[in-house]
Amino acid sequence: MSLFNLKPAESCRFDEISMGEVMLRLDPGEGRIRTARSFRAWEGGGEYNVARGLRRCFGLRTALLSAFADNDVGRLVEDFILQGGVDTSLLKWSSYDGIGRTVRNGLNFTERGFGVRGAVGCSDRGHTAVSQLKPGDFDWDLIFGKHGTRWFHTGGIFAALSQSTADLVIEATAAARKHGVVVSYDLNYRPSLWKGIGGQKKAQEVNKKIAKNVDVMIGNEEDFTACLGLEVKGTDANLTHLEKDSFHKMIEQAAKEYPNFKAIATTLRGVKSATINDWSAILWAGGKFYESQQRQNLEIMDRVGGGDSFASGLIYGFLKFGDSQKAVEYGAAHGALAMTTPGDTSMASLAEVEKLLGGGGARVDR
């Protein structure tokens with residue numbers, strides 16, 4: 001029996017819709033932000049990365065709900081999104097005042113880290129168009145009803161942008177459930193986003209409200225504690241040692257506190273250095289636990305977006321197969337591959353994901 005009562009694909013315009021911010025990512029490559037003289041430009045956003053991965057790697061029909069200031073930077077980000085194949089017809093465009101006094105587009109400076117030097121993100125996202133989105137800005141009867149989608153995904157980054165975006169997440173997730181759409185939410189705790197608006201206490205207040213509308217809750221080692229107040233025992237401050245039994249107990253507690261959760265997924269990342277991580281995932285679904293293959297000493301080029309690619313692989317597994325074991329395996333494999341290339345978004349193909357799942361190695365393909 002399927003875990004979800006999914007809508008038939010033929011009855012929906014989209015397989016998945018994501019709601020969230022997309023910023024222009026500026027990447028100094030192997031160097032540092034503070035000493036860079038040139039940057040490579042990408043697009044990236046926690047919720048958007050999921051839609052892009054589902055479109056480009058897994059071939060599903062996806063769309064984005066977001067907003068941009070209507071200037072050349074916003075149109076550049078739109079061009080990146082179009083290259084990724086994600087539908088842009090639902091985007092909102094705000095009139096630009098010429099200097100960004102009232103509305104602008106977000107910038108995210110990101111360095112990858114190497115060895116003992118961890119990755120660093122420095123965002124410049126105040127007064128963005130997307131942070132000004134509010135309840136009532138989207139017609140949910142049109143989006144979830146007339147157009148139709150099988151899955152809706154959003155997350156804690158978008159919810160942290162402002163009080164109005166948090167309220168919008170609550171409105172959107174309630175509307176999705178009303179229309180029979182499966183809702184997934186990635187907690188994605190970012191201390192920098194909550195710092196000026198109440199810190200961890202506010203993060204928990206907001207996320208506990210949102211959690212009541214969620215079918216599939218996703219997070220990493222830190223997220224469940226920071227956002228939902230659920231303790232994971234047996235981890236050290238640097239997250240180099242991860243006890244699976246402790247995660248099992250935490251997940252069981254989450255399922256007890258939120259009986260609406262049909263599935264709970266967490267990635268397990270043991271950070272030995274910026275470029276060497278242990279990587280795996282756990283999924284609780286239908287009262288049972290499923291574990292992915294463990295990838296010890298996984299070599300990392302760029303860790304940013306690895307969790308988002310896990311989420312897209314997980315969603316694909318559920319949509320394509322309705323199989324919990326396959327879902328967690330596709331998620332973990334896709335996340336692993338995404339971290340072997342630069343940028344937020346996955347450059348992996350479905351064939352590469354399935355090769356890795358089948359035990360394929362890194363020998364030359366030619």
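**A walk through a predicted structure**

With a relative accessibility of 18%, S162 counts as buried, because the cut-off for buried is under 20%. Keep in mind as you look around that this is a predicted model. You'll find S162 in the loop between α4 (156-159) and α5. Its side chain isn't on its own there: the side chain of S162 makes a polar contact with the side chain of S164, at 3.0 Å.

From that loop, step along to helix α5, which covers residues 163-178. Here we meet the inside of the protein. In soluble globular proteins, nonpolar side chains tend to be buried together. In this model, the largest nonpolar core has 58 residues, and M19, L65, W140 and F152 are the ones with the most contacts inside it. Helix α5 is the element that gives the most to this core, with 6 residues. Take M19 as an example: leaving out neighbours within four places in sequence, M19 is in contact with L65, W140 and F152, and its other partners include L168, V169 and A172. There is also a second, separate core of 36 residues, with A263, A265, A281 and A333 among them.

A333 is a handy link to our next stop, V353, since V353 touches A333 as well as C57, Y330, H334, L337 and A348, not counting residues up to four places away in sequence. V353 sits in helix α12 (residues 350-357). Its relative accessible area is 0%, so V353 is buried. Folding shows up nicely here: V353 and A336 are 17 residues apart in sequence, and their C-alpha atoms are 9.1 Å apart in space.

I81 tells a similar kind of story. You can spot I81 in helix α2 (residues 72-83), and it counts as buried because its relative accessibility is 0%. Follow the chain from I81 to V22 and you cover 59 residues, yet their C-alpha atoms are separated by 8.9 Å. The two residues are in contact, too, and I81 also meets E43, Y48, L64, F68, V86 and T88, leaving aside its neighbours within four places in sequence.

Two of those partners, V22 and F68, turn up again around a hole inside the protein: they help line the largest cavity, along with E21, A67, R104, N105, G106, T128, A129 and V130. About 30 Å³ of space lies in this cavity. A search of the whole structure finds 1 cavity of 30 Å³ or more. Its lining divides into 5 nonpolar, 3 polar and 2 charged residues.

Now for the largest pocket, which has a volume of about 1200 Å³. It is lined by 48 residues, and N188, Y189, R190, R303 and V304 lie nearest its centre. What kinds of residues make up the lining of this pocket? They divide into 16 nonpolar, 20 polar and 12 charged. Several elements supply at least two lining residues each, including α1 (46-56), β7 (107-111), β12 (263-273) and α10 (306-321).

Let's finish with a polar residue on the inside. N277 is found in strand β13 (residues 276-285), and at 2% relative accessibility it counts as buried. A polar atom of the N277 side chain lies 2.8 Å from the backbone oxygen of S273. Setting aside neighbours within four places in sequence, N277 is in contact with two stretches of the chain: R269, G270, V271 and K272, and then R295, Q296, N297, L298 and I300.

Key: Residues are numbered from 1 along each chain as its sequence is written. This is a predicted model: local features need pLDDT of at least 70, side-chain atom pairs count only at pLDDT 80 or more; totals for chains, interfaces and linings use all residues. Side-chain values use heavy atoms; hydrogens and water are left out. Helices (H or I, at least four residues) and strands (E, at least two) are DSSP runs, numbered from the N terminus. Buried means under 20% relative accessible area, exposed over 50%, partly exposed in between (1.4 Å probe, protein chains only). Contact means heavy atoms within 4.5 Å. A nonpolar core is a set of buried Ala, Val, Leu, Ile, Met, Phe, Trp, Tyr and Cys residues joined through side-chain atoms within 4.5 Å. On a 1 Å grid over the protein atoms alone, a cavity is a set of points where a 1.4 Å probe fits but cannot get out, and a pocket is an open set with protein on both sides within 12 Å along at least five of seven lines; lining residues have an atom within 4 Å of a point. Grid points are joined across faces, edges and corners, and a volume is the space filled by probe spheres set on the points. Ala, Val, Leu, Ile, Met, Phe, Trp, Tyr, Cys and Pro count as nonpolar, Asp, Glu, Lys and Arg as charged, and the others, Gly among them, as polar. A polar contact is a pair of N or O atoms within 3.5 Å; within protein, one must be able to donate a hydrogen and the other to accept it, and residues adjacent in sequence count only if both atoms are side-chain atoms.
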